[in-house]
Amino acid sequence: MSLDVVAPLLLDDKLDLYRSQFALRQFEKRAYDLFLENYVKGTSHLSIGQEAIAAGVARAMRPDDWTFATYRGHAHTLARGVPMAPVFAELMGRANGLMAGKGGSMHLTSVEHGVMGSYAIIGAHLPIACGAAWSAQYRGTDQVAVCFFGDGSTNIGAFHEALNFAAIWKLPVIFFCENNLWMEYTRTTEVTAVANPAADRASAYGLESIIVDGNDADEVYAVTAACVARARAGEGPSMIEAKTYRHGGHSRADPGKYRPDEEVAEWLAKDPIPRYHQRLLAEGASEAQLVEIERAVNEAVDVATEEAKAGAVPGEDLLMKDVWANGGAEWRN
Amino acid sequence: MAQLTYREAIARGIAQEMRRDESVVFLGEDIAAAGGVFKGTVGLLEEFGPVRVRDTPISEQAILGAAMGAAMTGLRPIAEIMFADFFAVCWDIVVNEIAKSRYMTNGQMTFPLVIRSGNGGGLRFGAQHSQSVENWAMMVPGLKVVVPSTPLDVIGLMAASIRDNDPVIFLEEKALYATKGEVPDGDVVDTLGSAKVLRQGSNATLIALGNMVPRAQLAAEELASAGIDCTVVDVRSLVPLDTQTILREVSATGRMFTVEENPRLCGWGGELASIVADEIFYDLDGPIVRITTPHIPLPAADALEDLAIPSVTRIVETVQKSMNS
Ligand SMILES: Cc1ncc(C[n+]2csc(CCOP(=O)(O)OP(=O)(O)O)c2C)c(N)n1
């Protein structure tokens, strides 16, 4: 994978990338608190520890490109520029939510930001991302679709159907595997025929095997940007496997106790955010600049939380709305 | 006016819409170069080229996923699932993704797409290539379900389905592919959610769908000579459902019989019976009777398959018995 085509990030870009990662982290921490306080009902899947991926990939995309996320999709949604308040409100089931409370944590969508849905059936969105890419190809736009999924998702049929399909049609789609080593409660390598669940399968579809440090936003950005350039140039799909780790459990209040302590400690030491903080200092940013970014983010999280909490409970008018394109739900005359 | 087969009407309907709208694209297994396993799509590749008419691998999830992704970003795809039984391998995309996403996203997305599929028995293909699956689709909020019974309806309802902004499951009755009918020249565009009254009678109303429509019509002729004068209604579209026509026609005769190819349980006729019982119970002069395939997988042998699917004789006998008791 040649990175020659990729414009290097300047310090200002990197400060922005830091802001983005830090915001994703603070959002997720607040979402967790709101869950414990019973503001967030149902379930939620946090990306704490994996922020460098959502942030780095978003940086490599154009506003009119498309992302397809999983149920673990808060970070991927926010990274594309969706404001925090409607996402908090969606988690809380409020009328001011991103989808007025009709989707919930696992289905965040903002078409206006190119966030083309978050999907909670493992693997389903890989073929759907192919369809968006096909539409870009057909209409002759140079839009690109990026599809995020986990390591565990590489063992479902839709993954393999989508890869072959994208390869034969040379679709402008990037399959992005966030390998956080664990499915829900099972270690993926224990149930997978190969060591690198995505990268080792790439050659079966004529694709290059690409592995990247998923806790390094610069690296994620650069590799994604190269794949995006390739897709825009009509050279077809790519698959990226990023090694990363979720600091917490799979969902809700899962403490993730099935994981060995040493493993958790090893990955906490590779936390992408303090790491990036250090890198920025080494590259000439001042501590004061970073502190200011953090302060502004924390304030924004507080403001967004209050805005979300102030939202109304969705009313009955929403219940029977938008099953059909005409806005209604009638199935008979 | 021309005589067209049901099979030819499919390509005619698709071509009509592809000519008028560049955003209509068509994908599926063996649909392009081979013209479809039932030869229903012959000539489309030649007229519209390989960019708009595309052969796919045997990947039903990829086919329908691609259709969904294309629809949410501005195209109007038509996807083929070769045999309706194969919906089972890609049902997630249909029911969890396509059907739910507009609602879940609070109307941010629309899915103007059509999934065509060869439905039902009669060809001695055995249980895995013969099922009538319209009820699988009918029970899912967010899907429209259309089943034409004549070449004219194939064209008109195909056009309406392609122009519709919602996902439509368009079931072509395999047993009808070879049947013929009159079709006018020029464009034909019908309306979804409109049942057709094919025959007006005074004693009983037979309500049929797809392959069962011509059988209900033949049965009505036989019944007429036996002194039972029947109305025949072709439902044509399960969702949206033209309940007004059905309620009116059942009210008029006071007796309702459904003729359904599906296995017994949860067939569309059960839903109709419930609507009729709820809304016009006091207009009924006798029990509602459902004539269906028994609750079994379809057997392959012609003798057995003929016993299973409602035949003209079975319809006639069932109606006679019920009307005379
Ligand atoms: C088809 C399907 N099977 C099972 C599940 C339940 N499930 C939800 S998340 C998950 C683990 C997925 O692991 P991975 O793909 O590695 O993603 P991660 O959660 O680690 O981000 C499972 C089994 C599901 N949602 N869909």
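This report describes the two chains of a predicted model, beginning with each chain as a whole and then turning to individual residues.

**The two chains as wholes**

Chain A contains 12 helices and 6 strands. In chain B, the secondary structure amounts to 11 helices and 14 strands. The radius of gyration of chain B is 19 Å, close to the 20 Å that the globule rule gives for 325 residues, so chain B is as compact as a globular protein of that length. A similar check can be made for chain A: a compact globule with 333 residues would have a radius of gyration near 20 Å, and the value of 20 Å for chain A agrees with this.

The table below sets out further values for each chain.

| Chain | Property | Value |
|---|---|---|
| Chain A | Span of the C-alpha atoms along the principal axes | roughly 60 × 55 × 40 Å |
| Chain B | Span of the C-alpha trace along the principal axes | about 60 × 40 × 40 Å |
| Chain A | Buried residues | 59% of 333 residues |
| Chain B | Buried residues | 63% of 325 residues |
| Chain A | Exposed area | about 12600 Å² |
| Chain B | Exposed area | about 11200 Å² |

Carbon and sulfur atoms supply 54% of the exposed area of chain A. For chain B, the share supplied by carbon and sulfur atoms is 54%.

Contacts within each chain can be sorted by how far apart the partners stand in the sequence. Among contacts in chain A between residues at least 6 apart in sequence, 75% join residues at least 24 apart. The corresponding share in chain B, again among contacts between residues at least 6 apart in sequence, is 80%.

The charged side chains may be described in a similar way. Chain A carries 30 positive and 44 negative side chains, and the centres of these two sets lie 3 Å apart. Chain B has 26 positive and 41 negative charges, whose mean positions are 1 Å apart.

**Cysteines**

A disulfide is a covalent bond between the sulfur atoms of two cysteines. How many disulfides does a search of the whole structure find? Over all chains, the number found is 0. Cys177(A) is accordingly in no disulfide, and the nearest cysteine sulfur, that of Cys147(A), is 11 Å away. Because a residue is buried when its relative accessible area is under 20%, Cys177(A), at 0% relative accessibility, counts as buried. Cys266(B) has 60% relative accessibility and therefore counts as exposed, the cut-off for that class being over 50%.

**Backbone geometry**

Most residues other than glycine have a negative phi, and most peptide bonds are trans. Several places in this model depart from that pattern, as the following residues show.

The peptide bond from Val239(B) to Pro240(B) is cis, with omega near -5°. Pro240(B) is located in the loop between strand S12 (237-239) and helix H8 (243-253) of chain B.

Ala100(A), although not a glycine, has a positive phi of about 55°. This alanine, Ala100(A), belongs to the loop between helix H4 (84-91) and strand S2 (115-119) of chain A. Is Ala100(A) buried or exposed? With a relative accessibility of 5%, Ala100(A) counts as buried.

Arg124(B) is a residue other than glycine with a positive phi, near 65°. Its place is in the loop between strand S5 (114-119) and helix H5 (134-138) of chain B. At 33% relative accessibility, Arg124(B) counts as partly exposed.

**Two residues and their surroundings**

Leu11(A) lies in helix H1 (residues 11-36) of chain A. Its relative accessibility is 30%, so Leu11(A) counts as partly exposed. Which residues does Leu11(A) contact, leaving aside its neighbours within four places in sequence? The contacts of Leu11(A) are Leu280(A), Glu283(A), Gly284(A) and Ala285(A). By contrast, Val40(A) stands 29 residues from Leu11(A) along the chain, and the C-alpha atoms of these two residues are separated by 37 Å.

Thr186(A) is found in the loop between strand S4 (173-179) and helix H7 (199-202) of chain A. With a relative accessible area of 30%, Thr186(A) is partly exposed. Not counting residues up to four places away in sequence, Thr186(A) touches Leu181(A) and Val191(A). Thr186(A) and Arg259(A) are 73 residues apart along the chain, and their C-alpha atoms are separated by 9.3 Å.

How values were computed. Residues numbered from 1 in each chain as written. Chains lettered and ligands numbered in written order. Predicted model: local features only at pLDDT ≥ 70, side-chain atom pairs only at ≥ 80, totals over all residues. Heavy atoms only, no water. Helix = DSSP H or I, 4+ residues; strand = E, 2+ residues; numbered from the N terminus. Rg over C-alpha atoms; globule rule 2.2 N^0.38 Å. Buried < 20%, exposed > 50% of the residue type's maximum accessible area, 1.4 Å probe, protein only. Contact = heavy atoms within 4.5 Å. Areas by Shrake-Rupley, 256 points an atom, 1.4 Å probe, with all protein chains shown as cover. Lys, Arg positive; Asp, Glu negative; His and termini not counted. Charge placed at Lys NZ, Arg CZ, Asp CG, Glu CD. Disulfide = S-S within 2.5 Å.
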